[in-house]
Amino acid sequence: MSSSDDKSRLFGLFSSLFIILFLFGVYGLITDVLRIPNAVLFPGWGKIIPAFGVSIQQLLNGLASSLGLLVPAVVSSVLVGVTAGIFIGLRPKVEAVLLPFIRAVNPLPSTMLIPYAIAVMPTFWLSSFIIIFIGVLWPVLVNTLHGVAMLEPRWIDNAKCLNLTGRRLVFKVVLPGAMPQIFAGINAGLIRSFLLLTVAEMIGAKAGLGFFVQYYADFAKYDRVIAGMIWLSLVVVVIMTLVDLVKSRVLYWTKKR
Amino acid sequence: MTSPYIAVNGVTFRYGPEQTILDNITLNIEKGEFVSVIGPSGCGKSTLLRLLAGLIKPVAGSVTVSSQPVTGPGLDRAVVFQDYSLFPWMTCQENIVLALERAGLGKTKTERREIALGFLSLVGLALDGNKLPGELSGGMRQRTAIARALAINAPTLLMDEPFGALDEITRARQQDLLLELWQGGQGEKEAGKTVFFVTHDVEEAIILGDRVIVMGSQPGRVVKDLAVTLPRPRTRMTSIQHKNFPSLRDYLLTELNLVVDERLAPPIEAGAAI
C-alpha cells in the first residue's frame with residue numbers, strides 16, 4: 001500500500017468522524033440547549049447518554065440475542081443461496097425453467113410472510129429464522145445466478161482446455177469467478193436481514209435489539225429508544241465493515257486486473 | 001501409410017443455417033511442424049483453432065490429432081489465447097500448478113510448484129511466480145501462458161494470436177523467445193512439438209513458421225499453403241535479414257490483398273448498379 005492510499009483513508013476516516021460530531025452537536029444544540037422540539041419525542045443527549053448507561057446490560061443481552069438469530073439465519077441462507085445458484089446457474093435448461101419463479105418471488109417483501117411464519121412455526125426463534133433466511137436467500141441466489149452467467153467466456157474456455165470438471169470446476173473457476181456478484185448479493189441480503197430482524201423482533205420477540213426499541217417505544221421512553229437505535233446502527237456498521245474486510249480478502253484479485 | 005499428425009478433413013463449421021464460417025477445409029500437418037495461419041479478420045482462423053482444440057465441433061468433416069478423432073478439449077493440446085488464458089484469482093505459479101495437476105505431472109504439490117517455477121524461469125519470470133496475472137504486463141502474462149503450455153508438455157501447441165495485443169518491441173522479444181524454446185525442444189529424443197500458430201501479422205507468420213497457410217473469408221477457406229524456405233535455427237533477425245524474406249513477405253501480402261479485394265468487390269458492384 002502506498003502512503004497516499006493511507007493518507008486518503010485517514011482523511012476519509014476524519015471526515016466521517018467530523019460529520020458524526022457535527023450531527024451530534026447540532027442535535028445537542030436544538031434539544032439540550034435551545035429546547036426547540038418536543039422533549040418527549042426528541043430527548044437531548046443529557047437524557048440519552050444516561051439511558052445508555054442504565055440499559056447497557058440490556059443492550060448487550062439484546063445484541064447477543066439478535067446475533068444468535070441473525071448469524072445462523074444469514075450464514076445458512078448464504079450457503080444455500082450460493083450452492084443453489086451455482087447448481088442452477090451451471091444448468092442452463094434448469095435455469096430457464098426456474099428463472100421466472102425466482103424473478104417473481106424475489107421482489108416480494110419477506111415481511112409479508114411474518115403472520116404465516118408465526119402461525120406455522122412452533123417457536124418465535126424458528127419463525128424469525130425462516131423470515132430472515134428467505135429474505136436473504138433471494139438476493140444471494142439471484143446474484144449468484146447472475147455471477148455464473150457473467151463468467152468470462154475465456155475462463156470457461158480455459159477451464160475446458162484444462163479438462164476441469166465437477167468439484168474442481170466449481171471451486172477453482174466458477175465460485176471465484178462469480179465471487180464479485182455473490183458479494184453484491186450478500187451485501188443486499190445483509191441489509192434486508194437487519195430490516196427483517198428488527199421487524200420480526202418488534203412483533204414477536206422477548207429479547208433482542210428490535211424488541212428493546214419496540215418495548216421502550218410502548219412506554220414512550222424515547223431516550224432509551226434512541227439509545228437503542230444508535231446501538232443498532234453501530235452494530236450494523238461493525239458487521240458491514242467486517243463483511244467488507246472479508247470481501248476485500250476474497251476479492252483481492254479484482255483490484256489488480 | 002503414415003497418416004499426418006494433425007488431419008483436418010473437409011471440415012465445415014457454421015453458426016445457424018446461413019452463417020458459414022469455415023467451408024470444406026482440408027489441411028494436413030506433420031508432427032513437429034510449425035504452421036502459421038494468416039488471413040483477414042473474420043476468415044475463421046480462430047474458429048479453426050477452436051475446432052482443433054475441441055472447444056467446438058464441426059458441422060461436417062473430421063479433425064484428428066495423432067490418429068485420434070478430436071471429440072473435446074484435451075491436455076494433449078495446450079492452448080494459448082490472445083487475451084492471456086490465465087485465471088486472474090490465482091498467482092502465475094498457481095495457474096501452472098493447476099495445469100500440471102490436471103495433466104498428472106508431478107507427484108506432490110511441492111514437486112508441481114518446483115516444476116512450475118522451472119518453467120517460469122525458462123521464460124524469464126523466476127521472480128514473478130507469486131504475482132497475480134493482473135500485476136504483470138501483457139507480455140509477462142503471455143510468457144506465463146506459454147510457460148504453462150510448455151509445462152504440461154503437450155505434444156501440440158495451439159496459439160491464437162498470442163502476441164496480437166503486445167507492443168512491437170515486446171512482440172519481437174516474444175517471437176525470439178518462442179523460436180528459442182521451440183527450436184530448443186526439437187533436438188530432443190522425442191520429436192518436437194507441433195505448433196498451430198494463428199496470427200494476422202505476415203512477418204510474424206514467416207519468422208516463426210515452417211509453413212504459412214493463407215485463409216480467405218466468407219466463407220473461410222484455405223487459399224494458399226506456402227513453405228517457408230528459411231533455414232533453422234532462426235531468430236527474428238536472421239529471418240528478416242535473409243535474402244528470401246522480402247519475396248516471401250511480398251508474395252503473402254499480395255495473396256492477402258487478393259483475398260481482401262475479393263471480399264470488398266461485391267458491395268462495390270452493388271453500389272455501381274444503383
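Q: How far apart do the C-alpha centres of domain 1 and domain 2 of chain A lie?
A: This is a predicted model, where local features need pLDDT of at least 70, side-chain atom pairs count only at pLDDT 80 or more, and totals for chains, interfaces and linings use all residues. Residues are numbered from 1 along each chain as its sequence is written, chains are lettered from A in the order written, and side-chain values use heavy atoms, leaving out hydrogens and water. The domain assignment (automatic or from a database) splits chain A into domain 1 (1-36) and domain 2 (44-256). Their C-alpha centres are separated by 29 Å.

Q: Which residues in domain 1 of chain A lose the most area to domain 2 of chain A?
A: The two domains of chain A bury about 440 Å² between them, 69% of it on carbon and sulfur atoms; that's accessible area (1.4 Å probe) lost on being put together, summed over both parts. On the domain 1 side, three residues together make up 90% of what is buried: A:F24, A:Y27 and A:D32.

Q: Why is α2(B) largely enclosed by the rest of the structure?
A: Helices here are DSSP runs (H or I, at least four residues), numbered from the N terminus. Buried means under 20% relative accessible area (1.4 Å probe, protein chains only). α2(B) counts as largely enclosed because of how many of its 12 residues are buried: 9.

Q: What do the buried residues of α2(B) pack against?
A: Among those buried residues are B:C92, B:I96 and B:L100. Their packing partners include one helix of chain A, α7 (166-204). From chain B come α3 (109-122) and α4 (138-151).

Notes:
Buried means under 20% relative accessible area, exposed over 50%, partly exposed in between (1.4 Å probe, protein chains only). Helices (H or I, at least four residues) and strands (E, at least two) are DSSP runs, numbered from the N terminus. Contact means heavy atoms within 4.5 Å.
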